Amino acid sequence: MALMLLVFRYFSGFYAQEACHWRQEEGMEEEAKYLNFALVTAKLSDYCVLSNRYELGRQPANTKLSSNKTVRRVRVRGGNVKWRALRLDTGNYSWGSEAVTRKTRILDVVYNASNNELVRTQTLVKGAIVQVDAAPFKQWYLQHYGVEIGRKKKTAAKKEGECAGSLATCEEKNNCANYIYIFYRFTGLKETETTVTEEAKKSNHVQRKLEKRQQDRKIDQHIEEQFGGGRLLAAIASRPGQCGRCDGYILEGKELEFYMKKLQKKKGKGASTA
Amino acid sequence: MAEQTEKAFLKQPKVFLCSKKTGKGKAPGKGGNRYFKSIGLGFKTPREASEGTYIDKKCPFTGNVSIRGRILAGTCHSAKMMRTIIVRRNYLHWVKKYQRYEKRHSNIPAHISPCFRVKEGDHVTIGQCRLVPQTNYQFFMLLDIQNMELTSFCVFCRPLSKTVRFNVLKVIPAGSSGLGKKAFTAM
């Protein structure tokens, strides 16, 4: 029985979509509401008749990525409210390993495991992989660690405070460390000289805090590369058609590698066919 | 990794994979983070569930289902589906007029976690869980009414479901029992 209800619900949604997809674009929500209800109680075929209000389904939101934010209120069963996001462009994204959450612009929908159409039409759904503006996270990182990630590693002089601590305590075996080391050896400058001349007026207390934080500071290489490009890969974890928000988390580690591989495969295919 | 077989990244939602702090030591032997739980009612979590690497959200030990309601037992009738089996329960039904019994059976589909290895004929204990969809998808061809053309992508999938209500909790492998499936063992 429960199975049948599920089926009917899907069917009603299906027919509703087909018959009144034009209504969606006009955005006539009032009429659409009644239309849904009417369709639901109509006879769908010889033997399936949906006679109860709780059996209804509504049209999918198909939240698009767009700069005029549109969120509609929907009254649902029990008098409760759902926020149906129709167009969104920002969300609250969290960087898990650093435990920071920032509101950022969503730039691009990049991958959807269930349907490529949703990528093409830039539809925001839970579980989609998007590209997100990296600026707020960059700013936070700078403020927290005193380090600017994503700067090109051309000259050592530009890397202000890259290693705020001394080389000995810096645990990163990056290009960074080698560069600085070579720079210092070559020019004969002492580390303390460059660090003093750079940043304006960080109080002693703040500097000590920054140095202490340097010890735990680790950054994944893939993420660093993304910061260089100004865009981070993130996954949507909320349901925009239900709560009206498009929040999520920044991909890291194994998950990030997994999706990057998928994206490269797609690009490879596109490049070979084009 | 062998377990990433789907198009989306499979992971246990309660486990955060990228934490900078090294594992506190649930000590599954591999030092990895794994979420598993005990399902109660005296059933032991198999070692494979706590130490393995599979991801199954419908597994009672490492996923998001709870076992409540009925606990039944039967034999595995067929194990050809992915992660689900058909459990056959035999029973005798009393026919009053002839004062005799007749053989009857019922088939129950049950979800089986990758931590169990089942063959046909194994005795199996299953527990009731919430409805768990075992989906095969039917693809719809969408007919665009305005343009009268067939846009043949799959926009809308209606699952052909077996919605399964049971989950395997324990497997008692039948040794090389002579008759196997054919034997009628009334429960």
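**Exercise 1. Surface and burial of chain B**

Chain B exposes about 12,100 Å², and carbon and sulfur atoms supply 53% of this area. Accessible areas come from the Shrake-Rupley method with a 1.4 Å probe; for residues, only the protein chains shown count as cover. This is a predicted model, where local features need pLDDT of at least 70, side-chain atom pairs count only at pLDDT 80 or more, and totals for chains, interfaces and linings use all residues; side-chain values use heavy atoms, without hydrogens and water. Residues are numbered from 1 along each chain as its sequence is written, while chains are lettered from A and ligands numbered from 1 in the order in which they are written.

Task: State what percentage of the residues of chain B count as buried.

Solution.
- Step 1. Fix the term. Buried means under 20% relative accessible area, exposed over 50%, and partly exposed in between (1.4 Å probe, protein chains only).
- Step 2. Apply it. Chain B has 187 residues, and 35% of them count as buried.
- Step 3. Turn to chain A. Of its 274 residues, 38% count as buried. Chain A exposes about 16,500 Å², with 51% supplied by carbon and sulfur atoms.

**Exercise 2. Elements and contacts**

Task: List how many helices and strands chain A and chain B have.

Solution.
- Step 1. Define the elements. Helices (H or I, at least four residues) and strands (E, at least two) are DSSP runs, numbered from the N terminus.
- Step 2. Count. Chain A comes to 11 helices and 9 strands. Chain B comes to 1 helix and 7 strands.
- Step 3. Read chain B along its sequence. The pattern is α-β-β-β-β-β-β-β.
- Step 4. Look at contacts. A contact means heavy atoms within 4.5 Å. Take contacts in chain B between residues at least 6 apart in sequence: 61% join residues at least 24 apart. For chain A, with the same limits of at least 6 and at least 24, the value is 58%.

**Exercise 3. The hairpins of chain B**

Task: Describe how β1(B) pairs with β2(B), and how β2(B) pairs with β3(B).

Solution.
- Step 1. Recall the rule. Two strands pair if DSSP finds at least two bridges between them. Strands of a sheet pair through backbone hydrogen bonds, either parallel or antiparallel.
- Step 2. Start with β1 (residues 71-78) of chain B. 3 bridges join β1(B) to β2(B), and the two run antiparallel. B:S78 stands opposite B:I86 in β2(B).
- Step 3. Check the turn. This hairpin of β1(B) and β2(B) has 5 residues between the strands, and B:R83 takes a positive phi near 60 degrees.
- Step 4. Move on. β2(B) and β3(B) pair in the antiparallel sense over 12 bridges. B:H93 stands opposite B:E102 in β3(B). Here 4 residues lie between the strands.

**Exercise 4. Unusual phi values**

Task: Locate B:L41 and B:Q99, and decide whether each is buried or exposed.

Solution.
- Step 1. Know the background. Most residues other than glycine have a negative phi.
- Step 2. Take B:L41. Its phi is positive, about 60 degrees, although it is not a glycine. B:L41 is found in the segment before α1 (47-51) of chain B. B:L41 is exposed, with a relative accessible area of 61%.
- Step 3. Take B:Q99. Its phi is positive, about 50 degrees, and it is not a glycine either. B:Q99 is found in the loop between β2 (84-95) and β3 (100-111) of chain B. B:Q99 is exposed, at 57% relative accessible area.

**Exercise 5. Sheet and helices in chain A**

Task: Find which strands stand at the edges of the sheet, and give the angle between α5(A) and α8(A).

Solution.
- Step 1. Order the strands. In chain A, 4 strands form an open sheet in the order β2-β3-β1-β6, with mixed pairing.
- Step 2. Find the edges. β2 (70-75) and β6 (123-124) of chain A each have a single partner strand, so one side of each is left without a neighbour in the sheet.
- Step 3. Inspect one pair. 6 bridges join β2(A) to β3 (residues 81-88) of chain A, antiparallel. A:R72 stands opposite A:R84 in β3(A).
- Step 4. Pack the helices. α5 (residues 135-145) and α8 (residues 204-214) of chain A pack at an angle of about 110 degrees, with axes 8 Å apart. Axes are lines fitted to C-alpha atoms, for helices over the stretch in contact, and angles run from 0 to 180 degrees between N-to-C directions.
- Step 5. Name the angle. α5(A) is roughly perpendicular to α8(A). The cut-offs: under 35 degrees is roughly parallel, over 145 roughly antiparallel, 65 to 115 roughly perpendicular, and the rest oblique.
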